[in-house]
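Work through these exercises with the structure open beside you. Try each task before reading its solution.

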Amino acid sequence: MSLSSPCCLSQLAASGVGVLLALPVFGIFAARRAPGSRLIYAACAAVCAGLAGVALITLLAPAARLEPVEIPIGLPLARTFLGLDPLSAAFAVIINLAASIVSGYAIGYGAHAREPQRIVPFYPAFIAGMNLVLLAQDAFSFLVGWELMSLASWALVLSEHRSAENRRAALVYLIMASGGALTLLLAFGLLAGAQGGYSFEAIRRVSAPGVGPIVLLLALVGAGSKAGLVPLHAWLPLAHPAAPSHVSALMSGVMTKVAVYGFVRLVFDLAGPPAWWWSVPVLLIAGITALLGVLYALMEHDLKRLLAYHTVENIGIIFIGLGLALAFEASGLRAAAALAFAAAIFHVFNHSLFKSLLFMGSGAVLNATGERDMEHLGGLIHRMPVTAVAFLAGCIAISALPPFNGFVSEWLTFQAILLSPQLPQWVPRLLVPAIGATLACSAALAAACFVKAFGMTFLGRPRSKAALGAAETDRWSQIAMLALALLCLLAGILPGFVLDSLGAVTQMAVGARLAPQSALAWLRIVPIDLHRSAYSGLLVFVMMVLAAATTAFAVRRFASHALRRSPPWDCGFPDASPATQYTAGSFAQPIRRVFGSVVFRAREHVTMPKPGDTAVARLRVELRDTVWDALYAPIIRLVEATAERLNRMQFLTIRNYLTLVFAALVTLLIIVGTWR
Amino acid sequence: MSYYDWLIQLAQTALVLGLAPLLSGLTRKIRARLLRRQGPSVLQPYRDLLKLIRKEAVVAENASWLFRAAPYLIFATTWVAAALVPTFATGLAPGAADIIVIVALLGTARFLLALAGLDVGTSFGGIGASREMLFASLAEPAMLMAVFTLSLFAGSTQLSSISAYMLGPGAGVNISLALALVALIIVSIGENARIPVDNPATHLELTMVHEAMILEYSGRHLAVIEAAAAVKLLLYLSLIACVFTPWGTAVAGAGVLAYAVGVIAYAIKLAALAFLLVVFETAIAKMRVFRVPEFLGIALMLGLLGTILLFVSRVSR
C-alpha cells in the first residue's frame, strides 16, 4: 500500500491520535520535572504538525474515495470508524496547525506553571479529544471525542483551582458542556432513526424524514453552546481566561472551531437537504452574536476576557457565512452557497490563527507583569518589543484590516451578502441587509476594541510598577507568536491558495466549488466574475510597501534629519503623571454612552462632595449583563427553589421513605401497564 | 493588464498626490472668501508642507518606534486607497481592489493613527483616539451600506463597473441612490474632520478629535500626516465624483484626447464639490461631541434603508 493512498492516511491520522492519547500517561510522570513537561509539549507539537500534514495531503489529494478505518473498540453493537473526508480534513489542518504552534509556545510558557501536574497530563488529552471528534466517522466516537475534549479542557480550566472565580468558571463550563453534549446525543439519536445505524455513512443513507428542523435546533444548542453563540456564550468569557494562557489559546482559537465543525457536520452533511427557512434562525442568532460579542468585549478591561468575548463575535461572523450558505443552498444557488461557505471556513482558519496569537501574547504579558487588567498595564512596547510586534499583527488581523487575513474572509462574506437579492424568499431578503449592517458595525467596533487592547497594554506610559518592571518573554514563545503573525500576513496576501484548498470541502458541503483562484494574475481572488469584484492582497500589499518606501525615501532625501527628544507637549501641561492618561475605561466611555445604555443598561453614578469637603469624588459605572439577567438568573433561581423543596425529603422517617418507595413502584407499574 | 494601464495608474497615483494640497488650499481660500476674508493663497498648503519638512522633528521622550513609523504607514495606506479611486480615467489596476478594499484601507490608516495618538500617553492623545474610533464605528458601516447600495445597482463592487453603469441607460434618478449619496456626504464630512463634526483649524478645544491625536507630531512627521489628511479629503471627493458625476471620465484604452478631457472634467468636478463642501461648512455650527453619533447614525440608517429598498425592489424586476 503506497503512502499516499487514502486508507493509509486515515490509519496514520488515527495512530497520531493514539499517540496523543498515550501521552497523558507519560505526562503524569513527566510533569514532575521541567524538562519532562517540555518534552510532552514538544511531542504534542510534533504530532500535531504531523497530523496537520496528513490532513493537508488528504485535502489536496485528488483521490475521490477515502476509506475510513474500523477500530475494534467501542459499543458492542455499533462499529467504530475513524477517517478523514474533505470536511474533517480541512478542520484537521486548521486545528492541528494552530495546536502545533501553541504547543511550541507551551514549551517555553509551560515552564512557568506553578502546578504542572495539573496541566501537562490533560493537555495532550485535550488535543486528542479534538482530533477524535474530527476523525470520527460515526456518532459514537464523535461523542466520545466531544466528551474527552470537554472534560480535559474542564480539568485545565480548573488547574488554578485555588481561586474561587476559577472554580465558578469551571462549574458553569461543566454544566453548559453537559447540556451541549446531551443535545448532540439527541440529535444523533434522531438522525440514526429506529434502525440505529450510527456510522455517518448509514445516517446519510437513511435520512429520516422530518427530523431536519429538530436536528438544526439541537445542533444550534449543542454545537452553538460550545462555540459561544449568544445566549449560550455565558461560560466562555469565564472559562477561557481562567485556564493557563496556552490552554486559553487552544480553547478560544481551536476548540470553538471543533464546535463549528460539529454544526457543519450535523446540518450540512447529515441532516439532509435544507429548507430555506433554516437560514433565518441561524442568521438572526449569528448577527446578534457578532454585535453583542464585540460590545461585551469593548466594555471589558481584563485582557483575556476581552479576547474571549471577541471569540463570541468571530463565531457570529462565521455563522453569518454558514447561514447565508444554507439560504443559498436551499434555493439552489450553488455558486453563491460555495462562496458563503468558503468565506465561513476561511474565517474559521483566520480566527484560529489570530486568536491563538492574541491569547499567547496576553499570556506573555501576564507572565511578565502578573496583570490581566489593562488599567494596570501600559508602555510594554518598550519592554516587550517582539511580543508587541506579534500582538499588533494579531490586532490588525482580527480587526479585519488589509493586508492581513481577517479582512479577506470578511470581504468574501460581504460579497456573499451582495449576492443575496437573488434569493427568491422575502424573509431572508429583508434580513440579509440588516445582517450586513450588523457585520459592518461589528467590524468597525472590533477595530475600536483592539485600538483599546493594544493601546492600553503596549502603548502609553506604565500604569503600575509591575508594568514598569516587565521583561521580554522567552525565545520559544517569541518564535511561536512571530510564526502565527507571519501566517496571518501570508494568508492575507495569498488568499487564493487557501480558497483553492477549500474546493473539496465546499463541494462536499454545498455541492459546488469556487473557480480555481491561485492561477489568476497577481494572485487575485475573484469569487464570481472579474467585473463584479476582485481583490489582490498581494498587489495591495506591494503597493503599500512601495508607497511607504517611496515616502520614507523622499523624506530621507529632502527633509531635515534633525530629531530632538523632549518631554511630551500635551498642550503645555508639564510633567503629567501616568495616572492622567486615558484608561481602558475612559477609552470605552463614549462607546458605552452611545451603545451601552440600551444593551447593558449602563448607568453612571457620580458622588460629588460639596465644595470645601475634602472627601473623594467618585464615578461608578453600573453595567448589567442583560442576557444573564433574562435567561440564566431565572433558571438558577428555579433550580435553587426546587433544590430547597427537595431538601425536605432528606429528613423523613423510615416509614415515610417506605411509603415513597411503594408509591413510586405503583406509579411506574401503572405507567408500564398503560403503555402497552 | 497592459503597460498602458500601468502608466495610467502611475499617472493617477502621482496626480492624487500632487493635487491633494491644492484641494485643501482651495477649500481654505473659498472658506475665507465666504467669510469676507482675503485668505492665504491656494498654494499655501504646499508651502506649509515644505516648511514642516525642513524643520527639526521633536519627539516625546517615551515615544516608541510605532510613533515614528506610523506617519509613513498612514500616508502610504491613504495614498494607495486614493490611487485606487478612478479620477480622470477608469480601468485602473483592474482587479486589484474594489470599493470595500478602499474603505478597509482607510480603516487601516485610522487604526494606526489612533494607536499613534495613544503612544505617548497623554490625555489629549487618548481623547482623540477614543472619539475617532467612536465616530468610525458608525461612519464605516454607514459608508459600507452606501457602497452596498451602489454595488447592488451596478451588480459590482468594482468602481470602474459602477462608474460605467452610472453612465449607462440603466441608471436614473432613484430614491436608493439619493439616500446613498446623502449617506456618503455625511460620512465624508465626518471622516475628514470637517465642521460640524470636527474643526480642521482648531487647537485646544475639547471637541477636537483629529487634531488631538496628532498633537505630539512635529516637523517631517507632521508634514506626512497633514499630507495624508489632504489625500483623504481628495479621495472622498473623487469617490463622489466618480460615482455620481461620471461624465467626462476616460474609459480604459481611450486616446490621449479623452484623457485630457478626463483631467479637465475631474478638475472641474473637484472644484465644484469643494465649493459645495465649504458652503455647507460655513452655513452650519459645530456639534457637541455626543450629537455626532446621531448625525452619523442618520447616515447609517439612510444607507441601510437604501440597501433594503433595493433588496425588496429587485422582486418586481
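**Exercise 1. What radius of gyration would a compact globule of 676 residues have, and what does chain A have?**

Solution. Start with the ground rules. This is a predicted model, in which local features need pLDDT of at least 70, side-chain atom pairs count only at pLDDT 80 or more, and totals for chains, interfaces and linings use all residues. Residues are numbered from 1 along each chain as its sequence is written, while chains are lettered from A and ligands numbered from 1 in the order in which they are written.

Now apply the globule rule: 2.2 Å times the number of residues to the power 0.38, with the radius of gyration taken over C-alpha atoms. For 676 residues it gives a value near 26 Å; chain A has 26 Å, so the two agree. Next, look at the extent. The C-alpha trace of chain A spans about 95 × 75 × 60 Å along its principal axes. Finally, count elements. Chain A holds 25 helices and five strands. Here helices (H or I, at least four residues) and strands (E, at least two) are DSSP runs, numbered from the N terminus.

**Exercise 2. Describe chain B by its elements and its radius of gyration.**

Solution. First, the elements: chain B has 11 helices and one strand. Their order along the sequence is α-α-β-α-α-α-α-α-α-α-α-α. The radius of gyration is 19 Å, close to the 20 Å from the globule rule for 317 residues, so chain B is as compact as a globular protein of that length. The box filled by its C-alpha atoms is roughly 60 × 45 × 45 Å along the principal axes.

**Exercise 3. Is His233(A) buried or exposed?**

Solution. Recall the cut-offs. A residue is buried if 20 or more other C-beta atoms, placed from the backbone, lie within 10 Å of its own, exposed if 12 or fewer, and partly exposed in between. His233(A) has 26 C-beta neighbours inside 10 Å, so it counts as buried. Then place it: His233(A) sits in the loop between α8 (212-227) and α9 (236-242) of chain A. Leaving out residues up to four places away in sequence, His233(A) touches Gly228(A) and Val312(A). Such a contact needs C-beta atoms, placed from the backbone, within 7 Å. For the whole chain, buried residues make up 56% of the 676 residues in chain A.

**Exercise 4. Test the length of helix α10 (residues 256-283) of chain B, then find its packing partners.**

Solution. The expected span is 1.5 Å times one less than the number of residues. For the 28 residues of α10(B) this gives 40 Å; the end C-alpha atoms are 41 Å apart, which agrees. Now turn to the buried residues of α10(B), among them Gly262(B), Tyr266(B) and Lys269(B). The buried residues of α10(B) pack against α1 (3-34) and α9 of chain B.

**Exercise 5. How many residues does each chain bring to the contact?**

Solution. Chain B brings 76 residues and chain A brings 75 residues. On the side of chain B that touches chain A, α5(B) gives the most, with 18 residues. Sort that side by type: 45 nonpolar, 20 polar and 11 charged. Ala, Val, Leu, Ile, Met, Phe, Trp, Tyr, Cys and Pro count as nonpolar, Asp, Glu, Lys and Arg as charged, and the others, Gly among them, as polar.

Last, check the strands. Strand β3 (residues 563-566) of chain A and β1(B) run parallel, joined by four bridges. Pairing requires at least two bridges found by DSSP. Ser566(A) has Ala60(B) as its bridge partner in β1(B).

Technical notes
Two residues are in contact if their C-beta atoms, placed from the backbone, lie within 7 Å.
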